[in-house]
Amino acid sequence: MKSTRCCGKILPVIDGFVRCPTCRAKLMQVRQDTRAEKLIIYCRRCKTEYSVDIKMGQCFESRGQ
């Protein structure tokens, strides 16, 4: 069984904070060495939940199966 991981769009990281792509609110602070897989981030302002993968300071919306 093959597991093909597909990364979605890149979420904006501005001034070291992951920003909500909808309302641009600060969601979480990210450093250069931060790594996470299938992390759930919730935006309080627009009530949206994102599953993200963070690798080397870049944040991708997770679209895994």
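Colour the protein chain by secondary structure to begin, and the assignment comes to zero helices and seven strands, so that, read along the sequence, the pattern is β-β-β-β-β-β-β. Bear in mind throughout the tour that this is a predicted model. With a surface drawn over the protein chain, the accessible area comes to about 4,900 Å², of which 49% belongs to carbon and sulfur atoms, while buried residues make up 29% of the 65 residues. Of the contacts in the protein chain with a separation of 6 or more, 33% are accounted for by residues 24 or more positions apart.

**First stop: the open sheet**

Select strands 2, 3 and 4, which form an open sheet of three strands in the order 2-3-4 with antiparallel pairing. Its edges are strand 2 (13–14) and strand 4 (26–29), each of which pairs on one side only. Moving to the pair formed by strand 3 (residues 17–19) and strand 4, you will find three bridges in the antiparallel sense, and a convenient marker is Phe17, which stands opposite Gln29 in strand 4.

**Second stop: Arg19 and its surroundings**

Stay in strand 3 and select Arg19, showing the side chain. Which side chain of opposite charge is nearest to Arg19, and how far away is it? It is that of Asp15, at 4.6 Å, and Arg19 is buried yet has no salt bridge; the distance fails the criterion because a salt bridge requires a side-chain nitrogen of Lys or Arg within 4 Å of a carboxyl oxygen of Asp or Glu. A polar atom of the Arg19 side chain does, however, lie 3.3 Å from the backbone oxygen of Arg24. If you now display the residues in contact with Arg19, leaving aside its neighbours within four places in sequence, the set consists of Leu11, Pro12, Ile14, Arg24, Ala25, Lys26 and Leu27.

**Third stop: Arg24**

Follow that backbone oxygen to Arg24 itself, whose place is in the loop between strand 3 and strand 4. Arg24 is partly exposed, with a relative accessible area of 46%, and its phi is near 65°, a positive value in a residue other than glycine. Most residues other than glycine have a negative phi.

**Fourth stop: the salt bridge**

Next select Arg31 and Asp33, which form a salt bridge whose closest N and O atoms are 3.0 Å apart; the count for the model comes to one salt bridge. Are these two partners buried or exposed? Arg31 counts as exposed, at 55% relative accessibility, whereas Asp33 is partly exposed, with a relative accessible area of 48%.

**Last stop: the hairpin of strands 5 and 6**

Finally, select strand 5 (residues 36–43) and strand 6 (residues 48–55), which run antiparallel and are joined by six bridges. To check the register, pick Tyr42, which stands opposite Glu49 in strand 6. Four residues lie between the strands of this hairpin, in which Lys47 takes a positive phi near 60°. Another backbone angle to inspect here belongs to Lys38, which lies within strand 5 and has a phi near 55°, again a positive value in a residue other than glycine.

Notes: Residues are numbered from 1 along each chain as its sequence is written. This is a predicted model: local features need pLDDT of at least 70, side-chain atom pairs count only at pLDDT 80 or more; totals for chains, interfaces and linings use all residues. Side-chain values use heavy atoms; hydrogens and water are left out. Two strands pair if DSSP finds at least two bridges between them. Helices (H or I, at least four residues) and strands (E, at least two) are DSSP runs, numbered from the N terminus. Buried means under 20% relative accessible area, exposed over 50%, partly exposed in between (1.4 Å probe, protein chains only). Contact means heavy atoms within 4.5 Å. Accessible areas come from the Shrake-Rupley method with a 1.4 Å probe; for residues, only the protein chains shown count as cover. Lys and Arg count as positive and Asp and Glu as negative; His and the chain ends are not counted. A polar contact is a pair of N or O atoms within 3.5 Å; within protein, one must be able to donate a hydrogen and the other to accept it, and residues adjacent in sequence count only if both atoms are side-chain atoms.
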